[in-house]
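This report describes the structure shown below. It treats the salt bridges, then the sheet and its helices, and finally the cysteines.

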Amino acid sequence: MAKIECCWYIGESLLPWEASVAGTLARALIRSGTVLHAYSGSGTDLLNIPGLLSWRSMHTIERAAAAGTRGRLWHLWGTPPFWWGLVRLRARTVHTRFSLKTEWKGHPTVFSATECSGGETYIPPAFEVKVNWGGEGPGETSPGDESLLCLLAGETSGENDYSSLLGSMGADFRLLGRASEETMQLLSLGRTMLLIENPVPSLALLSANGALMGVPTAAPRSPVMDELLGKEGYVYLDPSAGADEKRWVLTRLAGEEGRAASAAARRHVSEQFTPEKGAKKLENLYISLSGGDAR
């Protein structure tokens with residue numbers, strides 16, 4: 001049987017934890033025998049894909065040749081570049097988006113089964129344990145070595161409330177925002193916990209990555225969080241609750257309950273979202289779109 005061949009374009013819009021999942025899937029595909037030609041619209045270090053090329057490092061003729069002639073199957077990750085229409089004129093395309101604001105530009109694929117509305121193909125996300133995200137320090141510290149740090153990820157209306165509550169508990173507080181790779185190092189250094197008020201698939205991916213490094217998450221109960229972390233894998237948070245109840249949630253998150261939830265999430269992620277499982281689903285999709293029979 002001929003080897004599967006696919007070209008990837010990984011856009012600049014991907015957040016670090018999204019890029020990490022894409023990179024893990026790429027390495028698993030390569031190990032399975034898929035021929036992968038990968039291009040990155042931004043950096044290449046975080047993706048860690050063998051043979052990955054930076055689109056910015058290529059000169060105009062190389063870019064035109066790649067987009068205009070190379071490959072009969074392409075997979076787009078994130079926001080489409082302006083030249084994507086040229087690829088779609090001559091090749092079959094797959095698209096994985098991470099924002100609902102991005103229009104589908106190819107066969108739609110999603111990382112959350114609960115978010116599949118019909119017409120999309122569900123691809124199980126893939127995770128690997130990271131000791132750290134490129135930091136120089138060790139991945140683990142003993143309790144008391146560093147102050148507790150709470151990262152608030154995604155949209156919130158209670159930034160000031162959380163800052164005051166955590167300050168009174170002797171904990172540091174930081175908005176994650178559109179995180180850089182340097183910010184993501186905080187997941188693997190010291191005593192860190194995640195706070196999410198508005199669970200969306202991207203932030204569920206972040207929580208799953210964090211769980212593999214011992215970082216507990218507090219979030220409202222939601223199907224996507226249950227799917228990625230398991231129902232016992234995070235501490236329940238009610239964003240509309242008063243200050244006293246939120247303080248109690250944060251106290252539990254920083255204590256034994258948070259550690260137990262993180263351990264449960266780690267087991268769930270490790271068992272349910274292996275690189276091989278996600279790569280096999282992608283491989284079958286590529287075979288199907290190329291006119292072959294999925295295995």
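A residue is called buried when its relative accessible area is under 20%, exposed when it is over 50%, and partly exposed in between. This vocabulary is applied here to a predicted model.

**Salt bridges**

With a relative accessible area of 36%, E257 falls between the two limits and is therefore partly exposed. E257 forms a salt bridge with R252, and their closest N and O atoms are 2.8 Å apart. The structure holds eight salt bridges, including the three listed here.

| Salt bridge | Closest N to O distance |
|---|---|
| R56 and E12 | 3.0 Å |
| E257 and R252 | 2.8 Å |
| K280 and E283 | 3.0 Å |

What does the salt bridge between R56 and E12 tie together? R56 lies in the loop between β3 (53-54) and α2 (60-69), while E12 lies in the loop between β1 (5-10) and α1 (16-31), so the pair ties together parts that are 44 residues apart in sequence. R56 is exposed, with a relative accessible area of 55%, whereas E12 is partly exposed at 48%.

The pair K280 and E283 has another setting. Both residues belong to helix α10 (residues 275-289), and because they are three residues apart, about one helical turn separates them. An α-helix has 3.6 residues a turn, so residues three or four places apart point the same way. K280 is partly exposed, with a relative accessibility of 36%, but E283 is buried, with a relative accessible area of 3%.

**The sheet and its helices**

Strands of a sheet pair through backbone hydrogen bonds, either parallel or antiparallel. In this model, five strands form an open sheet with parallel pairing, in the order β9-β8-β10-β11-β12. At its edges are β9 (172-175) and β12 (235-236), each of which pairs on one side only. Within the sheet, β8 (residues 149-153) is joined to β10 (residues 192-196) by five bridges in the parallel sense. L151 stands opposite L194 in β10.

Two helices lie across parts of this sheet. Helix α4 (residues 159-168) lies across β8, β9 and β10, and runs at about 160 degrees to β9. Helix α8 (residues 243-254) lies across β10, β11 (217-219) and β12, and runs at about 140 degrees to β10.

Which residues of α4 are buried, and which are exposed? Y162, L165 and L166 are buried in α4. These three residues cover an arc of only 95 degrees around the axis, which means that they are on the same side of α4. Their cover includes β8, β9, β10 and α8. On the other side of α4, N160 and S164 are exposed. After α4 comes G170, whose phi is positive, near 80 degrees.

**The cysteines**

A disulfide is a covalent bond between the sulfur atoms of two cysteines. How many disulfides does a search of the whole structure find? The search finds zero. For C7, the reason is distance: the closest cysteine sulfur, in C6, is 6.5 Å from the sulfur of C7, which is too far for a bond. A pair counts as a disulfide within 2.5 Å. C7 is buried, with a relative accessible area of 1%. C150 is likewise buried, with a relative accessible area of 0%.

Technical notes
Residues numbered from 1 in each chain as written. Predicted model: local features only at pLDDT ≥ 70, side-chain atom pairs only at ≥ 80, totals over all residues. Heavy atoms only, no water. Buried < 20%, exposed > 50% of the residue type's maximum accessible area, 1.4 Å probe, protein only. Pairing = 2+ DSSP bridges. Helix = DSSP H or I, 4+ residues; strand = E, 2+ residues; numbered from the N terminus. Contact = heavy atoms within 4.5 Å. Axes fitted to C-alpha atoms, helices over the stretch in contact; angles between N-to-C directions. Arc of directions from axis to C-beta. Salt bridge = Lys/Arg side-chain N within 4 Å of Asp/Glu carboxyl O.
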